[in-house]
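Trainee: Please take me closely through a single part of this structure, and then place that part in its surroundings.

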Amino acid sequence: KSNGKNTWSLYDPSRNHSKAMMARMTWRGRIDQALREESLELHFQGIYSTADGELSHVETLVRMRDPADGERLIMPGQFIPVAEKTGQILEIDRWVLRQSIGLLAKHPKLRALAVNISGRSFDEPGLPQYIQDLLQRHDVEPRRLIVELTETAAVSEMQDAQRFIEALHQTGCLIGLDDFGSGFSTFAYLKYLGVQILKIDGMFIRDLPNNRDNQAFVKAMIDVAKGLDKLTVAEFVEDAETLAMLREFGVDMAQGYHLDRPSAELPPQYH
Ligand code: C2E
Ligand code: MG
Ligand code: MG
Ligand code: MG
């Protein structure tokens, strides 16, 4: 474009920027704008006890309002991976933490909130202190915050993860390992990670009643969890048959479309 003020003119194709890099730059702008204009939103999905079907706690899931179309929500799969590359994830994670801890203070009947924190945060030594300050400032009991870390991040940066989890543990919050089982090598590391909750990856749950291999994997994961005194959650529970099987296997909690879908509102019992 001839317009010298157009930001696109900065990215002269002759300077050999890859398509992926160009795309990332536009996403970087969108994410910055969303952070500036507070157009990120939290949605909520319940996690239920398999024993009695009672709501145990709630996971927060971030979404972004499309700046070009306010009706449209952009899902985290589209912008979290970019934000992890650009480093903007650190700001997103802090925003989610501020919102979530604020909600815990505002809704005393809400037993706990589970928040997702990126593996990028492992090399952010200030984050556990940031969490502790927020909990103190809002006078929130630390055990009402569950920090979900993905297993792949925890395993690939084992030393950083261990240090980070230890510091997080000191704040008194609970720690969950998300997408458990997808990293394959975690069994061996599990005893070194101070986590209290294992969230079995949805890929093992989705067609559980028809898939004997997955039944074997899930049973093994539950066995290990019980042996190490950790609680288990199954995600992607999409039908009654799967839920019944998980209950029979001894999984503690379940989450998924069969129970409820992520919603812009907290479950009614917490309003
Ligand atoms: P996750 O933490 O494993 O979250 C579970 C994802 O599965 C959510 O997708 C949820 O909407 C979806 N889900 C729930 N029940 C079912 C079901 O029965 N079937 C199927 N097929 N899917 C189900 P969502 O909201 O698109 O989030 C995707 C991922 O993005 C999350 O996976 C998490 O890794 C990441 N994420 C979400 N919110 C945040 C956040 O605030 N911060 C960070 N750092 N990452 C986040
Ligand atoms: Mg999660
Ligand atoms: Mg998960
Ligand atoms: Mg998952």
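Mentor: Let us start with Glu235, which counts as buried at 10% relative accessibility, where buried means under 20% relative accessible area, exposed over 50% and partly exposed in between, with a 1.4 Å probe and protein chains only. This is a predicted model, in which local features need pLDDT of at least 70 and side-chain atom pairs count only at pLDDT 80 or more, while totals for chains, interfaces and linings use all residues. Residues are numbered from 1 along each chain, chains are lettered from A and ligands numbered from 1 in the order written, and side-chain values use heavy atoms, without hydrogens or water.

Glu235 (OE) coordinates the magnesium ion (ligand 4) together with Asp179 (OD), at 2.4 to 2.8 Å; donors here are N, O and S atoms within 2.8 Å of the metal (3.2 Å for Na, K and Ca), and with water not among the atoms, sites may look incomplete. Asp179 counts as partly exposed, at 22% relative accessibility, and bridges this ion and the magnesium ion (ligand 3), the two ions lying 3.0 Å apart. The pair Asp179 and Glu235 links distant parts of the chain, 56 residues apart, since Asp179 sits in strand β6 whereas Glu235 belongs to the loop between β8 (231-234) and α9 (240-249); helices (H or I, at least four residues) and strands (E, at least two) are DSSP runs.

Strand β6 (174-180) also leads us to the largest pocket, as one of the elements that give two or more residues to its lining, others including β2 (55-66), α2 (76-86) and α3 (89-106). A pocket is an open set of points on a 1 Å grid with protein on both sides within 12 Å along at least five of seven lines, and lining residues have an atom within 4 Å of a point. About 970 Å³ of space lies in this pocket, and of its 34 lining residues, Glu59, Leu61, Pro76, Asn116 and Asp178 lie nearest the centre. The lining divides into 13 nonpolar, 9 polar and 12 charged residues, with Asp, Glu, Lys and Arg counted as charged, Ala, Val, Leu, Ile, Met, Phe, Trp, Tyr, Cys and Pro as nonpolar, and the others as polar.

As for confidence, the mean pLDDT (the predictor's confidence in each residue, from 0 to 100) is 90 for the protein chain, and 92% of its residues reach 70 or more. For the complex, the predictor gives an ipTM of 0.98 and a pTM of 0.91.

Terms used: 1 Å grid on protein atoms, 1.4 Å probe; cavity = no way out; pocket = protein on both sides within 12 Å on 5 of 7 lines; lining within 4 Å. Points joined across faces, edges and corners; volume = space filled by probe spheres on them.
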